[in-house]
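Visitor: I have a few questions about the cysteines and strands in this structure. Could you walk me through them?

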Amino acid sequence: MRRNRFLLSGNLHGGSVVASYPYDDSPTHRPTGVYSKSADDEVFKYLAKAYASHHPIMRTGKPNCPGEEGETFPDGITNGAQWYDVEGGMQDYNYVWANCFEITLELSCCKYPLTSELPKEWANNRESLLAFIEKVHIGVKGFVRDAVTGAGLDNATIAVAGIAHNITAGKFGDYHRLLVPGTYNLTAFVMGYTPVTKENIEVKEGDATEVNFSLQPTVMPPAPNVTQLTAAPAPVTAITPTPVQAEPPNPTSVHQPIQPVDFRHHHFSDMEIFLRRYANEYPNITRLYSVGKSVELRELYVMEISDNPGVHEAGEPEFKYIGNMHGNEVVGRELLLNLIEYLCKNFGTDPEVTDLVQSTRIHIMPSMNPDGYEKSQEGDKGGTVGRNNSNNYDLNRNFPDQFVHVTDPPQPETRAVMAWLKSYPFVLSANLHGGSLVVNYPFDDDEQGVAIYSKSPDDAVFQKLALAYSKENAKMYQGSPCKDMYPSEYFPHGITNGAQWYNVPGGMQDWNYLHTNCFEVTIELGCVKYPKAEELPKYWAQNRRSLLQFMKQVHQGVWGFVLDAVDKRGILNATISVANIDHPVTTYKDGDFWRLLVPGMYRITASARGYDPLTKLVEVDSKGGVQVNFTLSRTDSKVEEGKVLVLNTPDTSNPNEKEFETLIKDLSAENGLERLLLTSSRDVAPYRYRPYKDLSEFLRGLNLNYPHITNLTSLGQSVEFRQIWSLEISNKPNESEPEEPKIRFVAGIHGNAPVGTELLLTLAEFLCMNYKKNAAVTKLIDRTRITIVPSLNPDGREIAQERGCTSKIGQTNAHGRDLDTDFTSNYTQYSVAREPETKAIMENLILKQDFSLSVALDGGSLLVTYPYDKPTQSVGNKETLKHLASLYANNHPVMHLGQPGCPNKSDENIPGGVIRGSEWHSHLGSMKDFSVTFGHCPEITVYTGCCFFPSAGQLPGLWADHRKSLLSMLVEVHKGVHGIVQDKSGRAISKAAIVLNEGLRVYTKEGGYFHVLLAPGFHSIDAIASGYQQKHVKVFVRDDAPSSVFIVFDTENRIFGLPRELVVTVAGASMSALVLTACIIWCVCSIKSNRHKDGFHRLRQHHDDYEDEIRMMSTGSKKSLLSHEFQDETDTEEETLYSSKH
C-alpha cells in the first residue's frame, strides 16, 4: 500500500449492509457507541454516502439482517468505532500511514450467499461501485517543483489549514488531496526549500482543482566549473580526488569530451540507482536489464548502450565488459560505471563516442558478484574477504573447463552469465579484475596443470587484442606493475598468456572462446584490489583510452552475411571456418557473422547443413573490418528420375500466412522469445502447489473466465476416481481444424514430481491472460491447438510430500504401478488390462494420432530425454527427436550446459543436456515410446529439476527457467513440413500414408492435411494412398520457418482393387486367349460345314427332288453344333436361344 501510493480504496465485507468509515477504534476501546472522529471526517462521510446513496438497501439505513432487525444506520453510513470497536483495522492503517482514504463496505446480510443470489447482489452494488470510483477525482491536485530547475520535488508535504492530516508528493512532485467542496488554504513544504502557501483555493463538486507550487531552494547550487572543460590534466602522480579534467585541446578539433564526475564506491543500492538514473535520462541509447540473480537475490544488471537499444541490428557486432567477478576487486566495477556515464553524456557531441555507439551494441555488467562486493572492505590490497560469492565459491574457477573436470557445483551467477553469453552474439569481451596490472589472454590452463604457455588457435589475435588495451595504459605497457608487492614480476608490453602466468582451471575467458563466438581477455587493472575512493579518478585517467580502444577492436577482421541462394535470406548457424585456424564461428539469425583476425591473407569457408560449402580468398588489412558475403546453394544431389524437388517456400500469397511466417521467424531468432515475454501484458508465476481440489477449481476457473478459447474435458478417472483433466486452448476449442498443428503438454505421470503440473497450470494462465493483449501470443493461440494434461497421476500427487527431494512416496498410482511402465510397447498386447490413468490418455489422446508434438514433464534431474526408453529399440528419426530435445534444453538458462549437479550424481555430465532415454534410464512401457510408435507423434520428456518436490518458494524461479523453453515448443510445432494431399480433381485424400526418409510414417487427416516435425535439412517424402500411384518428393526444412508441400496424385493405380499393371496384363492375356479360342471354333465349324456341303452336293446330283429337305437338314446341323458347344444341361430352349444370340 505504501509503495503504490493509492488515493482511494474500498474494503468489501459482508454481514450487514452499511458503509463504515474511520476511525474503527477509539482511545477508550469501548465495545460500541464511541464516535471516533478522524481529521478528514467530512471527507469520509462524503465518500461513504457516495456509495450508500446508490445502493437500494444501504441508503434506507435499515439492513433488516436476521437477528439484527432493529439495527439502523442514518443514510446507510456509520463511524466504525461508533458501530463497534475494531483494533488493527486496515482502513485506519491506510489513512494514518499512507496517502490513501479507505472505507469498509458491508454488502449483504448473508456472508456467503447462494450462487443464485449473486446476480441480485451485482445489481444492488453496480452503481455504487462506479460512483465510488468516480470520487477518486475530487479535491485538489498538482505538482510541487523546484523553482530553479523545474524538477519535481519528491516527498514534498501538502498541508491543508484546519485539517490535521498531511499528504506527500510522489517522485515527480505530483500530489492529489481528497477534499469535499469548500474553500481551503494549502501549503507545500520540503526540507531545503522555502514553504509556499496558496490561499482561498475553491474546491467544487466534480473534478479536482489544479494547484501547482514552485518552491525556492534555501541554498542556491554552485555554478558549474567552467574550467573543467578547458584545463589541462595534471600529471598522473598529481591527480587529486577532484573530478577528472578533460584532455588538452586536440589541434584538429576544439571539442573536448565531458568527463565523469561521479567518483565514489557504489554499494549495490547506490549502483542500482545510478543505473536506473542513466537508463531513465538516456532512454534513446540505453536499456537496463538483468541476466539473473546472485545467491542473495541481487540482480545481475547489464546496461546496454546502442543507438537502437533492445534490438540486434543485422551486421552490427556486439561487445561486452564484465566487472567485479571477484567481489573485492572493485576498480573494474567503478570504471564501468564511469564508462556508462562517459558514453551517455558524450553521445551526439563527441565523434568518437557517437561512432562507437552507432556502430556497436555495447553491453556493460558492472558487477558479476554483488554479494561478494558487499562483504569486501575498502583499503584491501591483496586480501580475499569478499572475493568469492555467498556460497564461498570462486566464480572464475566455476566454468566448465576443457582440461579439468570442475567439481564445484555451478553457481547462480555462473549459470546466469553462461545463459546470457548463449543468448547474444558477442564478438569481443573483457573481464575486469584487480591485483596486478596486465592483460591476460587464453588459454588460462593446460593439460599438465602447470605454468606453461598454453596457446589457443587464435593466439596471434589474442596478443593483438591484449596490446590494443595495454598500449593505451602507459604504466601497464611498461610491464613491471607491482614492484613493491611482486618485485620479480614482469610482463613484456603489459600482456601475458594466462597459463604461463599461473594456471586457472574453470576460468570464464576460456569458456567464452570455446563455447561461444566471443573472444575474451582478462584485464588486471591495478595492484590494489579495493583502493580508497579518492584514488578512483586516477584509475579512470589511466584506463579511459584503453577502454575505448579495446571496444574498437570488435570491428577488426572479417564480417558479412551467409545467404540462401534461392530466397536470399540469412542462414542461421552457418559455420565460418578459416584455413589453418582450428576455431570456427557461427552465423546469427540474419546470417550475419564476425570473425576477428590479424592482417593477412586467409582462405575462409562458409558451410551449412543442406548447402554446398563456399570458399573465398580474403585479404585482411589493419584499417578495419572487411565485409565478405557468402551465398550458398542448397545441396541438390541429382534428383532421381520420377522424384520431385520441393523447396521449403510456404504459401505466402495470403498476407496472413506471410505475417505468421514472419512471426515464427522472429520468435525463432535469438532473443525472440525474450521479447515476447517482455511485451506480454503480464507475466504470472506459481507461488504454491495445488492439490487435486484446487487444481480442479483452477482449471474450471480458466474455462469459465476464458470460455471462447478454452475447453475443459475429462479423459477418464484415476483408480480413486479423480478426474484426469485435459484443457484445450485454441481460438475455436470446440471445432475441428485439421489444418492446424496440435501440441500436447503432459505432467504428473509421477505424483511425487508436481513441478511440471504447476508449470503447465502457469503456462495455461499466461496464454489465456495474454490472448488479445499480446499479438504474438494471440497469433500462436489462433493457429495452434494446445492440449494441457496437468496431472496424469492425481492419486499419487495427493500423498506426495513437499520438500521430498528424493522421496518415492506418490510416484506410483493407487495400485502401486509406475504409470511410465504401463504403456504397451507391443500393440498386440494392448488388449491386456491397463491402469485407468494409462488407458484414459491412450484412448482419448495418443491413439487419436492427430498430434504433431508432445512434451512430458517429470522431475529428478535437469535434462531432456528423447525416444526410445526401450533399450533395444532402434531410433529411425533420431536427428529430429534429438533436435526437439535440444531446442528445449537450449532455451533453458542452464540445462544445455549438461551438468544437472544433482546431489546423488554431482559428477553427471549430459552433453547439451540431452540424452536418449534408454541411455539414461532404460525401461519398457514408457509413454513417449508408445506416443512415437502408435500415436505417430514425437515426444520428449523434460526433467525440470533435481528435486522431485521442491519447496513452493522455488516455483517462481523454476517458472522463470522453463517458460522460454515451454513457449519455444509452441513455436517449434509450426515448423517442419505442412502438406496437403489431393487427387487431380482437387479432392482431398485423407488417411494417405506419408513416409518420411523411408522410415517414419504419419497419415493425412480430414481435408488431406498432414504435418510432421523434422530436423533442419533435406528430407524425402513418399505419399501412398489406396487407388493412387505412389508419389515421391524432396523437401528442405529450415530451422526458422515452416516448409509447405502440395502433393497431387496423378492417376489411380488400382482397378477392381488390383494393381493396374496386373489388371492390364491379365486383361491382355484374356483377350488373346479369347481371340485364339474364337479362331479355333471358327476353324472347327468351317471343317464340319464343308463336310456337310460335300454330301449334300452329291445328293443333289442324284436326288434333285429332295433339295429343299436337305437344305433344312444342313441348317439344323449348324444350330445343333453351336448349341451343344455353350448349352448347359439345365438350359431351356429359350435360354439356349438367348445365349446363342449374345
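Visitor: Is Cys 946 buried, partly exposed or exposed?
Guide: Happy to help, and please keep in mind that this is a predicted model. Buried would need a relative accessible area under 20%, and exposed over 50%. Cys 946 has a relative accessible area of 24%, so this residue is partly exposed.

Visitor: Which cysteine does Cys 946 bond to, and how far apart in sequence are the parts they tie together?
Guide: A disulfide connects Cys 946 with Cys 902, at an S to S distance of 2.1 Å. Cys 902 sits in the loop between helix 22 and strand 36, while Cys 946 sits in the loop between strand 37 and helix 25. The pair therefore ties together parts that are 44 residues apart in sequence.

Visitor: What is the handedness of the disulfide between Cys 482 and Cys 527?
Guide: The sulfur atoms of Cys 482 and Cys 527 are 1.9 Å apart. Their S-S torsion is about -95°, so this disulfide is left-handed.

Visitor: Now to the strands. Which residue in strand 43 stands opposite Ala 1023?
Guide: Strand 42 (residues 1017-1024) runs antiparallel to strand 43, and seven bridges join them. The two strands form a hairpin with six residues between them. Opposite Ala 1023, in strand 43, stands Lys 1031.

Visitor: Which are the edge strands of the open sheet with the order 23-22-25-26?
Guide: This sheet has four strands with antiparallel pairing. Two of them pair on one side only, and these edge strands are strand 23 (581-586) and strand 26 (614-620).

Methods:
Residues numbered from 1 in each chain as written. Predicted model: local features only at pLDDT ≥ 70, side-chain atom pairs only at ≥ 80, totals over all residues. Heavy atoms only, no water. Pairing = 2+ DSSP bridges. Disulfide = S-S within 2.5 Å. Buried < 20%, exposed > 50% of the residue type's maximum accessible area, 1.4 Å probe, protein only.
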